[in-house]
Amino acid sequence: MSESEKCVGRVQRMQFLTGKHLSRRTVLRGFGAAVSLPFLDSMVPAQTPLRRTAAMPKARFCAIEMVHGAAGSCITGSRLNYWSPAKEGKDFEITPTLKSLEPFRDYLTIVSDTDLAGANAWAVAEEGGDHNRSSAVYLTAAHPKLTEGSDIQAGPSIDQIYAQHFGQDTPLPSMQLCIENVDGSGACGYGYACVYADTISWAGPQQPLPMERDPRVAFERLFGEGGTPQQRLQRQKTDRSILDGIMGDIARLQKGLDPSDRRRLNGYLDDVREVERRIQRIEKYNASGEARALPEAPLGVPDSFEEHTKLMFDLQALAFMANVTRVSSFKMGRDASNRLFPESGVKTPFHSASHHGENPRNIAEFAKINAYHVGQLPYFLEKLKNTPDGDGNLLDHSLIVYGSPMGDSHIHDHKRVPLFMVGHANGTIQGNMHIREPLGTPMANAWLTVLHRLGVDDVDRVGDSTGEVAF
């Protein structure tokens, strides 16, 4: 690089002062790196109320899907309150499946007894295809067109509706992540294109968005867009940190920060580096020739479900901290997956366990797997709650939804689908609430309410919605 190019680079990297405060859009750029900053007090103009400044971002939104419904949605599981509490309102009891969410009760909203009719078979030719179309319905509440070709049809998903309204001024409008393999193209059975089962995010009725499984690729999208592709590849080959090329700028920036902001910045950069180290360690092991449980997976994908899930949650937390994006979707499983989750205490493969045959013992085993999956969230929620953000923390300013497009998985039913939310969404959702809707209420009513609470006021319908849910 010539001296003039270096000079231009330094100017570009250090042009982040607006008046006497730091711009919320500050990005430090180096060799193959583009690192946005977390929210700092220095980003608020002096003597200006925080909520009256552009530094205060819109709420972050994360939509999480776990396939195969829940034990609490079948007749026996519903009677035993595996998922939904018996009591409504604020005086509800935390159920066995949701026990891990007890520390976040004040942020928790449970919505029970809604249906996802769009995932049902609407014609004889569609019967048996529930696993192949359900994910496409989860956030769209739209009935997918039966096709194996390119003429796919579903609907816009709520994450993308929010991104289209409030995600266009961030480096990434949204991010889409997944845990299990995707087929990408072609037909996947019962007359449905694979894309219906591969993603939960749709920018439009014919615009499914791909989900990223590899933590390395996701990391590079968040922090590695600076420099040329050759520079980024060289950095990875030499095992250098993405932060190495911006250490000088970091040092200069820190000199102008107060102690509180310096601690916050250092903590954020430590988190970035720690995630990077974990990815490097996984890649090194997977390239060593040692036997892998997931031999078909990319080098950056760990064999461990928990390790993979935590990495993906870390990446979303970092993205939300630095306002790289306000919107994420996370597909934690894939329909008909027979993955084993031994940490749940159950030895039966996931899909097989979901077909419990209304046997109480099998239902109880399936409930353990459900509880294990829900139990991955507190790691993410704790990170958000412990991250200062403006006049609160990231969980105050976020909404995380978790659910499934299926209810009773044994009969491929889409009634009484599991659904809960965590977060205050910038104060628009109170939390500590269980709401039981009248039987037959569309799940889409919850999605419409979510959009309105997030500030999307010009949308009056999502899929088959008929109104709002009172939360």
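Reader: Is R281 buried or exposed, or partly exposed, and what is its relative accessible area?

Author: Keep in mind that this is a predicted model. Buried would need under 20% and exposed over 50%. R281 falls in between, so call it partly exposed, with a relative accessible area of 47%.

Reader: Which residue forms a salt bridge with R281, and where does that partner lie?

Author: R281 sits in helix α9, and the pair links distant parts of the chain, 26 residues apart. The closest N and O atoms are 3.7 Å apart. The partner is E307, in helix α10.

Reader: What about D314: which residue does it pair with, and is D314 buried or exposed?

Author: D314 in helix α10 and its partner in helix α13 are 69 residues apart. The partner is K383, with the closest N and O atoms 3.4 Å apart. K383 counts as partly exposed at 25% relative accessibility. D314, at a relative accessible area of 3%, is buried.

Reader: Which helix gives the most to the largest nonpolar core?

Author: That core has 78 residues, and F223 is among those touching the most other members. Beyond its neighbours within four places in sequence, F223 is in contact with residues including Y268 and L318. With ten residues, the top contributor to the core is helix α10.

Reader: Why is helix α3 described as largely enclosed by the rest of the structure, and how many of its residues are buried?

Author: Helix α3 spans residues 130-138. Its buried residues include charged-type names such as D130 and R133, along with V137 and Y138. The helix is largely enclosed because the buried count is nine of the nine.

Definitions and conventions: Residues are numbered from 1 along each chain as its sequence is written. This is a predicted model: local features need pLDDT of at least 70, side-chain atom pairs count only at pLDDT 80 or more; totals for chains, interfaces and linings use all residues. Side-chain values use heavy atoms; hydrogens and water are left out. A nonpolar core is a set of buried Ala, Val, Leu, Ile, Met, Phe, Trp, Tyr and Cys residues joined through side-chain atoms within 4.5 Å. Buried means under 20% relative accessible area, exposed over 50%, partly exposed in between (1.4 Å probe, protein chains only). Helices (H or I, at least four residues) and strands (E, at least two) are DSSP runs, numbered from the N terminus. Contact means heavy atoms within 4.5 Å. A salt bridge is a side-chain nitrogen of Lys or Arg within 4 Å of a carboxyl oxygen of Asp or Glu.
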